[in-house]
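Got your viewer open and a side-chain display ready to toggle? Let's walk through some side-chain contacts, one selection at a time.

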Protein chains: 2
Amino acid sequence: VGEQWDKSLKDLFTESSIKALDDVGIDKIDAIYVGNMSSDIFQGQANLGALLSDCLGVYGIPAVRVEAACASGGLAVHEGLKAVASGLSDFVLVTGVEKMTDVQTPEATSALMMGEDQEYAAFSGISFVGLHALIERLYMDKFKVNPEHIATFAVNAHKNSVNNPYAQFHNLISVEDVLKSPMIADPMRLLECSSICDGAASIILCPLDIAKKFTDTPIEIKASTVATDKLSLPEREDILTFSATRVAVENALKIAHINIQDVDVIEVHDAFSIVGIISLEDLGFVKKGEGANFVSDGQIEIDGKLPTNTLGGLKGRGHPIGATGVYQIIDLVRQLMGEAGKSQVKNAEIGLAQNIGGTGATAVINILARV
Amino acid sequence: VGEQWDKSLKDLFTESSIKALDDVGIDKIDAIYVGNMSSDIFQGQANLGALLSDCLGVYGIPAVRVEAACASGGLAVHEGLKAVASGLSDFVLVTGVEKMTDVQTPEATSALMMGEDQEYAAFSGISFVGLHALIERLYMDKFKVNPEHIATFAVNAHKNSVNNPYAQFHNLISVEDVLKSPMIADPMRLLECSSICDGAASIILCPLDIAKKFTDTPIEIKASTVATDKLSLPEREDILTFSATRVAVENALKIAHINIQDVDVIEVHDAFSIVGIISLEDLGFVKKGEGANFVSDGQIEIDGKLPTNTLGGLKGRGHPIGATGVYQIIDLVRQLMGEAGKSQVKNAEIGLAQNIGGTGATAVINILARV
């Protein structure tokens, strides 16, 4: 993940897909899912499923682009799972991709607002950061939280991404750095925001019994759920609660037959630090309003109670929109396979990823486990 | 389908979805699939799955946008089928939508080219019609076909759409009308091209045993397949053969356990008349090069050997991109349920729909049958 001036979107998602195929050691796939939000705007290119099929030289199979704003990647994983579960496909390639630096930043910012309601919210002139700044302001006021507490989330992100070779940021930051960084939309500052960047990520899904032939450490998707909420922030009764996340995680826990406290390591969608904090609450790890203190107490660190975004998350790894939900799965898998290096969480057996589209309108929950 | 100046994209896909729910008589859905190519360009709006979920007031369920250029609708049906087949959803709403008249025609034309390769084909300056004009010119030269033969396809389309209340065009046209219509890209004339227009179409998918509780005439999806080809026309060895269509139909016939001659009524993707004609060949109904004569001999008429696009197809009904693949299913279902009115094909038991994305790069085949 980074500003990949020397690579095209085609380069990014082809390279990532081939790496995944090589890593597993297969030369056959039955279906392709591409998670991507805005190649139409960024590259003037649609039909990414067929494009990836072409770039890989693999023809004659279903190739689908899935879009749900910033949840496009997680949703592509969910759809890939359905392809396997339906019995129609055995080997499914899921690739998330976004190349955002081909346009100017204001154009990228406008594209992000397309995940919100264009008629009611975007046309008012407010930006995607602006909407989240409203959430942050209310949160700080209602729960008597200081900017220092929220900033800790970003500090932890960089602390973790330092050890992730695929991450965009390899520099440590302090609470003071966050509080001194430029104000983007009062009270939100630059270092609370994930980046506009380029990247791609790929995984291979297949039935568990087949996976066992390829690896001694297969990872099972115990549950994959998606839920929606009112699309636009102004429509909601309480902008400090992500209802879609609540519904999706409740459904996922039932399917996986576990309690939320059984989860050892998580990936939350910290497009902005405040979103990561509220997500911890709506996932059920802490009570409403206590997320910021939980974070500033160090509980989300690798040796804390709830290791969170252990390879950097959206803030540290970078947030190439369509790739993010797939990256989350990869980073969880690295933990569950015991391959997370310096970021390794001891005895990590169950992982949970939360991927959000729009201002919380779509939530994808994937629960993964060692077999 | 038409130029819907008084309705927004939201109006179109909400109205269509509610009509489908009312028609079936259910108030519960488990998942939403939206087929759409370019709302990003046409409306500045992404995240259409969550948007439709919101417009319907149905929250907490998976809502997915599926895109594969002009095959977005057919692919949404295919993905909806997987959702049911996976056991994860019982009632799936599949809605296709495109509102193309919110932008100027040149912008819509550019958007259509995004289904082709932006780097290799679009940047050369050739238009989507231009690419198909190359196909038509070579076809006419190689198989000694006159413009009159190709024009017959469009004449048949309007003859059928006259009786379809949902169609855009209710006027009869003659071969002479087609040949006198403006030249768009030599040798292709205006009346060989489907329209830029607005429309939405919705269906409900569910397991067959459940469908039987709602209707005495349930229609089964016997097979649903997708295949890809080299994305860009200049890459292909033979631009007169749609390989994706050939692979997809071969796979579909195997799954459905039928021969192509068992099919009673079909929907082919006549974005341009020449595409409809070549599709008849690659689907296996006639030999390569004999499609145009088959059409001009009247074999695709309602009382002909192979009733084709009996409610107008893309030319007569209109081609609101993301909606087209869903409309094809609806029009087949009307035939199979015996509700096609003046266009009714006698004893129609098996129907086949072919939906194409790009210049033939993606092909979706759905085979439907009376139970």
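## Rings first, then charges

Start by selecting B:Phe91, which counts as buried because its relative accessibility is 11%, under the 20% cut-off. Keep in mind throughout that this is a predicted model.

Now add B:Phe214 to the selection. The two rings make an edge-to-face aromatic pair, 5.8 Å centre to centre with 85° between the planes. Trace the chain between them: B:Phe91 is in the loop between helix 4 (72-85) and strand 3 (92-99) of chain B, while B:Phe214 is in helix 9 (residues 208-214), so this pair links distant parts of the chain, 123 residues apart. B:Phe214 is partly exposed, at 37% relative accessible area.

Stay in chain B and pick B:Tyr139 and B:Phe143. Here's another edge-to-face pair, with 5.0 Å between centres and 65° between planes. Both sit in helix 6 (residues 128-143) of chain B, and because they are 4 residues apart, about one helical turn separates them. Which of these two is buried, at 0% relative accessibility? That's B:Tyr139; B:Phe143 is partly exposed at 21%. Over all chains, the structure holds 6 aromatic pairs.

Next, charges over rings. Select B:Lys10 together with A:Tyr120: the lysine lies over the face of the tyrosine, 4.0 Å from the ring centre. Then hop to B:Lys315, whose charged end sits over the ring of B:Phe169, 4.6 Å from its centre.

Time for salt bridges; the count comes to 41 over all chains. In chain A, show A:Glu176 and A:Lys180, whose side chains meet in one at 3.4 Å, N to O. Both residues lie in helix 8 (residues 175-180) of chain A, 4 residues apart, about one turn of the helix. A:Lys180 counts as exposed, at 66% relative accessibility.

Move on to A:Asp282 and A:Arg246, joined by a 2.8 Å salt bridge (N to O). A:Asp282 is in helix 11 (residues 273-282) of chain A and A:Arg246 in helix 10 (residues 243-256), so the bridge ties together parts 36 residues apart in sequence. A:Asp282 is buried at 4% relative accessible area, whereas A:Arg246 is partly exposed at 39%. Add A:Glu281 and A:Lys288 to the view, and you have a network of salt bridges linking these four residues.

Last stop: B:Arg370 and B:Glu349, whose side chains meet in a salt bridge at 3.4 Å, N to O. B:Arg370 lies in strand 10 (residues 362-370) of chain B and B:Glu349 in the loop between helix 14 (321-336) and strand 9 (350-357), so the pair ties together parts 21 residues apart in sequence.

Note on methods:
Residues numbered from 1 in each chain as written. Chains lettered and ligands numbered in written order. Predicted model: local features only at pLDDT ≥ 70, side-chain atom pairs only at ≥ 80, totals over all residues. Heavy atoms only, no water. Phe/Tyr/Trp six-rings, centres within 6.5 Å; stacked < 30°, edge-to-face > 60°. Helix = DSSP H or I, 4+ residues; strand = E, 2+ residues; numbered from the N terminus. Buried < 20%, exposed > 50% of the residue type's maximum accessible area, 1.4 Å probe, protein only. Lys NZ or Arg CZ within 6 Å of the ring centre and 35° of its normal.
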